[in-house]
Amino acid sequence: MRAVSIESAADPLAPVWACLSQVPDPEIPVVSIVELGIVRDVCAQGDELVVSITPTYSGCPATSRIMLDVEQALREGGFSNAKVQRVIAPPWTTDWITEAGRQKLKRYGIAPPQGSVQCIGALMRAKTPARVTCPRCGSDDTQEVSRFGSTPCKASYQCRTCLEPFDYFKPF
């Protein structure tokens, strides 16, 4: 493992976080796994570095790939004694996506989740889809086309103003 002196760095784990921030999400490569909020924790346990990953949902098919990508990035970054573990409780929430991540999703053409998990229960009970802003033109005159989009965590929408289809990252 790379030696990091506590005396020489305000945060001795900052180089690890910097390394992880370069690992893209395999399904949405414009955001890093840090920006997506799936890196739960980084800690040193003795001589071992432990990185905890929380998948966006328990059955996410990209989780194994992300764990391998993290291991590879850490090795290439000089952190040879690292362990990556999957943590599923508490479950990941879209509230963990950083503001930078939300802006990158929008620029990529994916509407970021709107609202927070606390208000989703009311939306689910009302069975009314959220007003979703088009990431291309900014209109909120949009309609849900399908509850499931290119991945299970996204829904397919279409803008009634610019007529463009787009994915919406569902809040959960």
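This is a short tour of the model, stop by stop, with something to select at each one.

**Before you start**

The model is predicted, so local features are described where pLDDT is at least 70 and side-chain atom pairs where pLDDT is 80 or more, while totals for chains, interfaces and linings use all residues. Residues are numbered from 1 along each chain as its sequence is written, and side-chain values use heavy atoms, leaving out hydrogens and water.

**Stop 1: the whole protein**

Show everything as a cartoon. The secondary structure comes to four helices and seven strands; here helices (H or I, at least four residues) and strands (E, at least two) are DSSP runs, numbered from the N terminus. Following the chain from the N terminus, you meet the elements in the order α-β-β-α-β-α-β-α-β-β-β.

Buried residues make up 40% of the 172 residues. Buried means under 20% relative accessible area, exposed means over 50%, and partly exposed is in between (1.4 Å probe, protein chains only). A contact means heavy atoms within 4.5 Å. Among contacts between residues at least 6 apart in sequence, 52% join residues at least 24 apart.

**Stop 2: an open sheet**

Select residues 39-45, 48-53 and 82-86. Three strands form an open sheet here, in the order S1-S2-S3, with mixed pairing. Strand S1 (39-45) and strand S3 (82-86) are the edge strands, and each pairs on one side only. From one strand to the next, the twist averages 20 degrees. Two strands count as paired if DSSP finds at least two bridges between them.

How many bridges join S1 to S2? There are six, and S1 and strand S2 (residues 48-53) run antiparallel. To see one facing pair, pick Val39, which stands opposite Ile53 in S2.

Now add residues 63-76. This is helix H2, which lies across S2 and S3 and runs at about 165 degrees to S3. Axes are lines fitted to C-alpha atoms, for helices over the stretch in contact, and angles run from 0 to 180 degrees between N-to-C directions.

**Stop 3: a salt bridge within helix H2**

Stay on H2 and show the side chains of Arg65 and Asp69. They form a salt bridge, with the closest N and O atoms 3.1 Å apart. A salt bridge is a side-chain nitrogen of Lys or Arg within 4 Å of a carboxyl oxygen of Asp or Glu. Arg65 and Asp69 are separated by about one helical turn because they are four residues apart in helix H2. Arg65 is partly exposed, at 47% relative accessible area, whereas Asp69 is buried, at 18%.

**Stop 4: Asp25**

Move to Asp25, in the loop between helix H1 (14-20) and S1. Which side chain of opposite charge is nearest to Asp25? It is Lys154, 6.9 Å away; Asp25 is buried yet has no salt bridge. For charges, Lys and Arg count as positive and Asp and Glu as negative, while His and the chain ends are not counted.

The side chain of Asp25 does reach the backbone nitrogen of Glu27, at 3.1 Å. Leaving aside residues up to four places away in sequence, Asp25 touches Val31, Ser32, Ile33, Leu36 and Ile66.

**Stop 5: strand S7 and its partners**

Select residues 165-169. Is strand S7 mostly covered or uncovered? Strand S7 is mostly covered, with four of its five residues buried.

Add residues 110-111 next. This is strand S4, which runs parallel to S7 and is joined to S7 by two bridges. Ala111 stands opposite Tyr168 in S7.

Then add residues 154-159. Strand S6 pairs with S7 in the antiparallel sense over five bridges, and Gln158 stands opposite Pro165 in S7. S6 and S7 form a hairpin with five residues between them, and Leu163 in the turn has a positive phi of about 70 degrees.

**Stop 6: two more salt bridges**

Show Asp141 and Arg160, whose side chains meet in a salt bridge (3.4 Å, N to O). The pair links distant parts of the chain, 19 residues apart: Asp141 is in the loop between helix H4 (117-126) and strand S5 (142-146), and Arg160 is in the loop between S6 and S7. Asp141 is partly exposed, at 29% relative accessibility, and Arg160 is partly exposed too, at 45%.

Finish with Arg147 and Glu144, whose side chains also meet in a salt bridge (3.4 Å, N to O). Arg147 is partly exposed, at 44% relative accessible area, and Glu144 counts as partly exposed at 27%.

Notes:
Polar contact = N/O pair within 3.5 Å; in protein donor to acceptor, adjacent residues only side chain to side chain.
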